[in-house]
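This report deals with the salt bridges of the chain and then with its nonpolar cores.

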Amino acid sequence: MKLPSQDAAAREVPEDRSHRVLLPRRAPKPPLRQVARRLLMALLVLLATVLIVWIDRNEYHDNADDKVDLLDCFYYATVTLSTTGYGDIVPYGDSARLLNILLITPLRVLFLIILVGTTLEVLTERTREQWQLKRWRNALRDHTVIVGFGTKGRSAAQTLCATGLHPDRIVIVDPSSKVIDAAVADGFAGVVGDATRSDVLLRAEIQRAHQVVIATQRDDTAVLVSLTARQLNKRANIVAAVREEENAPLLRQSGANSVITSASAAGRLLGLSVHSPSAGTVMEDLIQQGSGLDLVERTVVKAEVGKSVRETDDLVVSVLRGHRLLGYDDPEASPLQSTDRLITIVRAAPAEAADHSGKQSAKPTLPGTGVAPMRRADE
């Protein structure tokens, strides 16, 4: 196995962006809209102050003409909220002074908060991010960690989402901050850093993850990530991709449960497509989750227990019994047992569409898959 000195992608990580955790965030509002909103809030505070002074205007004294009209109320509200306080209009009655304590002063503070909202927003944004990050860490359990968000990692994430996994249950780890920004834009949480380091994987809460997908660009990086991930989590299901088939045994020894040889798999699909284009099209359809035909794993339903493989409602490819994978034509595969799991070919159920009455059409689906069974030709 060829081992370079360093992973080139890891060297691209700036020091100030390494080990950062980025959570999906809402799209920011346009700047002009934010400014208009703050001006409107300031205007409402000003009008509320004018209304309070106008209602209790007889308790105020104007050094100019001893009368307080509407213009004087606006003038007093303006100089009071801005903390200028010229002193030419003052509250002299007990009720006016009490209202100043209970209402005018809080409105003055609110007005100042709006004026310095930009600075406070930065502080509150950091506090909110820290609170959200803490809450996210406490709630994250049995999630999926995807290391590498290139073509393979992105396709893996899309397939997981197509099978029903919510994006907030997926954490992306990649050394490139631009890649993580793209992952966050897609709704995933992201960690910027080198996944061969345990502190980076711990920020992705890998010790509580249910499964780990390793889709790095280099085989040596995949081996190191697999070793680190297995050391931090003994029970996680680790699936890794390698370019060279000769590196697959080494990756299994490093702790990976399943190893996919991407280059060999692509080569076999190319050869199959040359020999039989239709067979290549079917194979490509099977590995694209959510459209056409899907290859899924499901449990045996109660009605199927005791039946043969060919008596099920959909096309069974293999039967998983314990740690043994039996082919559909294996005599030991039938009859089916309640603890078996079936690898089946099903037709992906189209998105639920509302009918003319506004109700969603109910279609039978396979248990645990969310996809419709594929009927045989004689049914």
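The whole structure holds 10 salt bridges, a salt bridge being a side-chain nitrogen of Lys or Arg within 4 Å of a carboxyl oxygen of Asp or Glu. The model is predicted: local features need pLDDT of at least 70 and side-chain atom pairs pLDDT 80 or more, while totals for chains, interfaces and linings use all residues. Residues are numbered from 1 along each chain as its sequence is written, and side-chain values use heavy atoms, without hydrogens and water.

Three of the pairs are listed here with the N to O distance.

| Acid | Base | Distance |
|---|---|---|
| Glu205 | Arg137 | 2.8 Å |
| Glu297 | Arg341 | 2.6 Å |
| Asp340 | Arg321 | 2.8 Å |

Arg137 and Glu205 are both buried, where buried means under 20% relative accessible area, exposed over 50% and partly exposed in between (1.4 Å probe, protein chains only). Together with Arg208 they make up a salt-bridge network. Glu297 counts as partly exposed because its relative accessibility is 37%; for Arg341, also partly exposed, the value is 30%. Asp340 is buried at 1%, and Arg321 counts as buried at 17%.

The largest nonpolar core has 29 residues, with Val173 and Leu251 making the most contacts inside it. Such a core is a set of buried Ala, Val, Leu, Ile, Met, Phe, Trp, Tyr and Cys residues joined through side-chain atoms within 4.5 Å. Leaving aside neighbours within four places in sequence, Leu251 is in contact (heavy atoms within 4.5 Å) with residues including Ala222, Val223 and Val259. A second, separate core of 18 residues includes Val53 and Phe111.
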